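Let's take a friendly walk through this protein, from its interior out to its surface. Keep the 3D view open as you read, and turn it whenever a new residue comes up.

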Amino acid sequence: MRKGFSMVLMFVSAIVLAVSIHYLHQCGEEKQQMLGEVEKLKTAGQSGQPKIYKKVKHENTKREDSAKQKKSDMHQQYHPVSVNLEQIEKQNSRVIAWIEIPDTPISYPVVQGIDNEYYLMHTFLGEESLYGSIFLDCENSSSFADSHSVIYGHNMQDGVMFAFLNQYENPEVMQLHPYIYIYTSDRAFVYRIFSVYQAAIGDVSYEIGLPLGSPEYQRQLEQLVHLSEYDTGTSVDAKHPFLTLFTCNGQLADSERTAVHAILEEEFEKITKLS
């Protein structure tokens, strides 16, 4: 009896091992294919004539004195972008933006679906994959014109997609990588992280559509600052929109997500010639 049970246990263990090996092999193949396609897009976006971006001055931004402003314009008038979305869109029309956190693994195309389910298990090529895609909330404007834009991505154990976001639990990581860059076909946005915390699904982190500058929007920002696991040192106000990046955290319940919030610090528009 005991010998028979041992045989069954060995048989089940062998099946589990075989399934695990097959799963890891599948993940490895999908990862290499996904990263290869990302690199193709990025290379396409870096080819051709480099684009020049000029800093956008917003009416609701506090202006410096003229001498200081002139000096600031001289140093920040043109923004060096790493990708050209016009070139990328020619290769893949599904892509609406590119996200990059310098000196981290996060440098991916951003897509947007008609719902927030499809791209959980499909790549930006529309192929089924455990890696899914980095995607913008279906209710957001694809131009990132909303007061609050939300982007989702998986936390993969092999460190790709949005896995790096969980490292922001460490304040030193935030200090080393405080900026998030978003590139669209005609704009470049620079966001600075102001809050990091573990958000329950459906809480204030998920609320979008509040009018920029409204008391309700101001309260949302204040709540997010208060909820942050540590003081980031970044100030916020209701005159500026913000960006949220969401991913899972394997150490927490399924109903919680790592939320990284970043306020818009600078915006650049593409120009065709120097003025």
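The paragraphs below begin with the core, move on to a helix and a strand, and end with a loop and the cysteines.

Before we start, please keep in mind that this is a predicted model.

A good place to begin is the interior. The largest nonpolar core is made up of 65 residues, and those with the most contacts inside it are Ile99, Ile151, Tyr168, Ile180 and Leu245. Strand E7, covering residues 187–200, gives the most to this core, with nine residues. Pick out Tyr168 and look around it. Leaving aside neighbours within four places in sequence, Tyr168 is in contact with Ile101, Val173, Met174, His177, Ile193, Val196, Tyr230 and Val260.

Now find helix H5, which runs over residues 215–227. With 13 residues at 1.5 Å a residue, H5 should span 18 Å, and its end C-alpha atoms are indeed 18 Å apart, so the expected and modelled values agree. Which residues of H5 are buried? They are Tyr217, Gln220, Leu221 and Leu224. If you look down the axis of H5, these buried residues fall within an arc of 95°, so they line one face of the helix. The face of H5 turned away from that buried side carries the exposed residues Pro215 and His226.

Further along the chain comes strand E8, residues 242–248. Six of its seven residues are buried, so E8 is largely enclosed by the rest of the structure. Its partner here is strand E5 (residues 148–152): the two run parallel and are joined by five bridges. To see one pairing for yourself, locate Val150, whose bridge partner in E8 is Thr244.

Between H5 and E8 there is a loop, and Ser235 lies in it. Is Ser235 buried or exposed? Its relative accessibility is 66%, and because the cut-off for exposed is over 50%, Ser235 counts as exposed. Ser235 and Phe194 are 41 residues apart along the chain, yet their C-alpha atoms are separated by 7.1 Å.

Finally, a word on cysteines, which may matter to you at the bench. How many disulfides does the structure hold? The count is zero. Two cysteines to look up are Cys138 and Cys248. Cys138 has a relative accessibility of 29% and so counts as partly exposed. Cys248 has a relative accessible area of 32%, so Cys248 is partly exposed too.

Technical notes. Residues numbered from 1 in each chain as written. Predicted model: local features only at pLDDT ≥ 70, side-chain atom pairs only at ≥ 80, totals over all residues. Heavy atoms only, no water. Disulfide = S-S within 2.5 Å. Buried < 20%, exposed > 50% of the residue type's maximum accessible area, 1.4 Å probe, protein only. Core = buried A, V, L, I, M, F, W, Y, C linked by side-chain atoms within 4.5 Å. Helix = DSSP H or I, 4+ residues; strand = E, 2+ residues; numbered from the N terminus. Contact = heavy atoms within 4.5 Å. Expected span 1.5 Å × (residues − 1). Arc of directions from axis to C-beta. Pairing = 2+ DSSP bridges.
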